[in-house]
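User: I'd like to go through a loop residue and a couple of helix pairs in this one. Could you pull it up?
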Amino acid sequence: MATSIHYNILTSPAEAAAFMFVLLLLNTACQAQITSTFYQNSCPNALSAIRTSIRNSIAAERRMAASLIRLHFHDCFVQGCDASILLEETPSIESEQTAVPNKDSARGYGVIEKAKSEVEKICPGVVSCADILAVAARDASAYVGGPSWTVMLGRRDSTTASRTLANSELPRFTDGLDRLISRFQSKGLNARDMVALSGSHTLGQAQCVTFRDRIYNNVTIDAGFASTRRRGCPAAGGDSNLAPLDLVTPNSFDNNYFKNLIQRKGLLESDQVLFSGGSTDSIVSEYSRSPAAFSSDFASAMIKMGNIEPLTGNAGEIRRICSAVN
């Protein structure tokens, strides 16, 4: 009887097709999983090699910590976390590096390439650039006193990039609150995730061109703060002059960013809108009072962001160098 049933299942075209479809779905689901132990057997020393390389780079330039966190963020918001932002321009690739939100501001490409070269020495062709970028963001945060978290691994690298998507999907410094919330929601991140992730700006710097209008023409900004910022950002010229987003502790990962917003000392318009009478005011207030809440939520949001549309299984590739496809 058992043999007869087995025979009938396999010889029914409709049921056989359905059975194979279920197997395909199960196989795809297994392949699509990313896990913290992905390289446990194939490259057990990968994470320590990445950590050492990233720490050395930040020790040489502390500002690099913020740059690496931002680079991971700008990667994940365009095509998912696939290292597409690391691809340089070629006749067939329009690099995301030249998109408006990235040009002359996104940085750290060489730091990731250096970490990749260190990993390639011990495990050639095994660890993706997308995973290295995700791990680098975590290690950067931890090195400057921010939270650490368990990075999920198993992403693969894209063979394409999209300057068009980078221009349309990455947040702009002129975005209002509703626009920011919408951008993050489209990536599966809620308003609380958005505010927490914005807290990494406590380490960042901005170019004069991005905040000139705010410090000269915005009547709601703290007057003393605006006056201080004008010294390094003239009304005309000096577009690339840099200023720290956090005037108080620019080299430490802490919650002063949120305290600044409450005092109307947000340097970018897209920062200050998080505390401007809108729906995120209460979150900013909470983080300004509780460094622990901010730290915990930031780590959780980074994990969520790192899970945006990863390439897994046989999709994409493992690049030999991060700046070019194989």
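User: Where does T249 lie?

Analyst: This is a predicted model, and in it T249 lies in the loop that runs between β2 (242-244) and α12 (256-262).

User: Is T249 buried, partly exposed or exposed?

Analyst: T249 has a relative accessibility of 22%, and because buried means under 20%, T249 counts as partly exposed.

User: And what does T249 touch?

Analyst: Leaving out residues up to four places away in sequence, T249 touches T202, D254 and N256. The side chain of T249 also has a polar contact of 3.0 Å with the side chain of D246.

User: How far apart are T249 and K265?

Analyst: They are 16 residues apart in sequence, and 13 Å apart in space from C-alpha to C-alpha.

User: Switching to helices, how do α8 and α9 pack?

Analyst: Helix α8 (residues 177-185) and helix α9 (residues 191-198) pack at an angle of about 100°, with their axes 9 Å apart, so the two are roughly perpendicular to each other.

User: Which residues meet there?

Analyst: From α8 there are L177, L180, I181 and F184, which meet A191, M194 and L197 of α9. The residues of this contact divide into seven nonpolar, no polar and no charged.

User: What about α14 and α15?

Analyst: Helix α14 (residues 281-289) packs against helix α15 (residues 291-306) at about 115°, with the axes 5 Å apart, and α14 is therefore roughly perpendicular to α15. In this pair E286, Y287 and R289 of α14 meet P291, A293, F294 and D297 of α15, a contact whose residues divide into four nonpolar, no polar and three charged.

Technical notes:
Residues numbered from 1 in each chain as written. Predicted model: local features only at pLDDT ≥ 70, side-chain atom pairs only at ≥ 80, totals over all residues. Heavy atoms only, no water. Axes fitted to C-alpha atoms, helices over the stretch in contact; angles between N-to-C directions. Helix = DSSP H or I, 4+ residues; strand = E, 2+ residues; numbered from the N terminus. Parallel < 35°, antiparallel > 145°, perpendicular 65-115°, else oblique. Contact = heavy atoms within 4.5 Å. Nonpolar A, V, L, I, M, F, W, Y, C, P; charged D, E, K, R; others polar. Buried < 20%, exposed > 50% of the residue type's maximum accessible area, 1.4 Å probe, protein only. Polar contact = N/O pair within 3.5 Å; in protein donor to acceptor, adjacent residues only side chain to side chain.
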